[in-house]
Amino acid sequence: MKRVLSGIQPSGQLHIGNYAGAIQQFVRMQDTHEMYVFIASYHALTSMRDADALRANIRQVVIDYIAFGLNPEKTNIYLQQDVPAVTELAWLLSCVCPKHMMDKATSYKDKVAKGIPSSVGLYTYPILQAADILAVDPDLVPVGEDQRQHIEITRDLASKFNHYYGDIFKIPDAMIRREAGVVPGVDGQKMSKSYDNTIDPFMDEKPLRKRIMKIKTDSLGIDDPKDPDTCTVYQIFRALAGPDAPETAALSDRYKNGGMGYGEAKQTLHEYILDHFADARKKRIELMDDQSYVDSVLKAGAEAANKIITNVTDRARTAAGL
Ligand code: TYM
């Protein structure tokens, strides 16, 4: 059985980009793969300074993972701060990482351009991500399109370490759901927790509708035929429903034929989201009241992850001469 590792930062409420780009893949893989899915709390420290908000977000991401369909019986769910050996591994990797490799990473520049304060942690963020991954010896890392460069850096760092010290790390493959692409937010830019443009599938019905109605569109009239592929409403719908779903084809036809205004397209998206996430919304409310269950999931997840992580870190430490 192939082993899978992935993670999400608890830097805000999860959104449809996280779901379509990453979580949907995790849920689909859990019957056929050995799964490790974690909450990247150390990474969130690169952009969050509010300790109470971070604590609350961390728990919320665990609850939302399970509400979206991750089954703790099949998927090991754990917090990054419960597997501290990963930070030691990050140090070992940072010592073989040429500085220019970080200079070339685009996420640092993008985040600083968006107003996230520059810090050494933000700059070396990809090294910690490489440690998260390599520490559990995974075969596959399912992520959204925006994480492609981070997985490349992980593979490069693993090869560098192996070059100096022998065959220590398995080189994992990224698994990117092409059809989701980079899911756009209400402003048409990449949907992102830090850009205030997200759609949160757990919002109450009315604010959710209001949010969807905010999606930017062009000014074509109701009767005009429209190009679905350039419309943010359609792109979000397709990422969520999948390009081959009959609902996606039907919506595409309605764009092309004319006679459907953007208001109606948004209404279709709103209804689809409410329907698609109906079970998740119910489950989330139940889980909010069951904190001890969440604790037990995290304890079991950390135990399982630590077994592997301690082993891999020992292997790397010994190989490096410690
Ligand atoms: P994060 O928290 O930004 O996003 C979590 C996952 O959601 C995907 N994603 C998207 N996919 C499509 N369209 C979007 N608009 C969109 N926004 C987010 C991301 O690609 C990701 O798969 N650095 C990572 C967290 C991390 C990690 C790891 C991931 C830390 N260590 C080890 C995998 C393995 C991040 O910031 O993801």
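Modeller: In this predicted model, Ala, Val, Leu, Ile, Met, Phe, Trp, Tyr, Cys and Pro count as nonpolar, Asp, Glu, Lys and Arg as charged, and the others, Gly among them, as polar. On that basis the shell around the ligand divides into 12 nonpolar, 12 polar and four charged residues.

Biologist: What makes the pair between the ligand and D132 a polar contact?

Modeller: A polar contact needs a pair of N or O atoms within 3.5 Å, and a nitrogen atom of the ligand is 2.7 Å from an N or O atom in the side chain of D132, so the pair qualifies. Backbone atoms take part as well: a polar backbone atom of V183 is 2.8 Å from a ligand nitrogen, and a backbone N or O atom of M191 lies 2.9 Å from a nitrogen atom of the ligand.

Biologist: How much of the ligand does the protein bury, and which elements give two or more residues to the shell?

Modeller: Taken alone, the ligand exposes 700 Å², of which the protein buries 97%. The ligand sits in the largest pocket, and the elements that give two or more residues to the shell are β1 (3-8), α1 (16-29), α8 (125-134) and β4 (140-143).

Biologist: Why is the aromatic pair of F161 and Y165 called tilted?

Modeller: The structure holds 13 aromatic pairs. In the pair of F161 and Y165 the centres are 4.7 Å apart, with 50 degrees between the planes. Rings pair if their centres lie within 6.5 Å, and planes neither under 30 nor over 60 degrees apart count as tilted, so F161 and Y165 form a tilted pair.

Biologist: What separates F161 and Y165 along helix α9?

Modeller: About one helical turn, because F161 and Y165 are four residues apart in α9 (residues 148-165).

Technical notes
Residues are numbered from 1 along each chain as its sequence is written. This is a predicted model: local features need pLDDT of at least 70, side-chain atom pairs count only at pLDDT 80 or more; totals for chains, interfaces and linings use all residues. Side-chain values use heavy atoms; hydrogens and water are left out. A polar contact is a pair of N or O atoms within 3.5 Å; within protein, one must be able to donate a hydrogen and the other to accept it, and residues adjacent in sequence count only if both atoms are side-chain atoms. Accessible areas come from the Shrake-Rupley method with a 1.4 Å probe; for residues, only the protein chains shown count as cover. On a 1 Å grid over the protein atoms alone, a cavity is a set of points where a 1.4 Å probe fits but cannot get out, and a pocket is an open set with protein on both sides within 12 Å along at least five of seven lines; lining residues have an atom within 4 Å of a point. A molecule sits in a cavity or pocket if more than half of its atoms lie within 2 Å of its grid points. Rings of Phe, Tyr and Trp (its six-membered ring) pair if their centres lie within 6.5 Å; planes under 30 degrees apart count as stacked, over 60 as edge-to-face and the rest as tilted.
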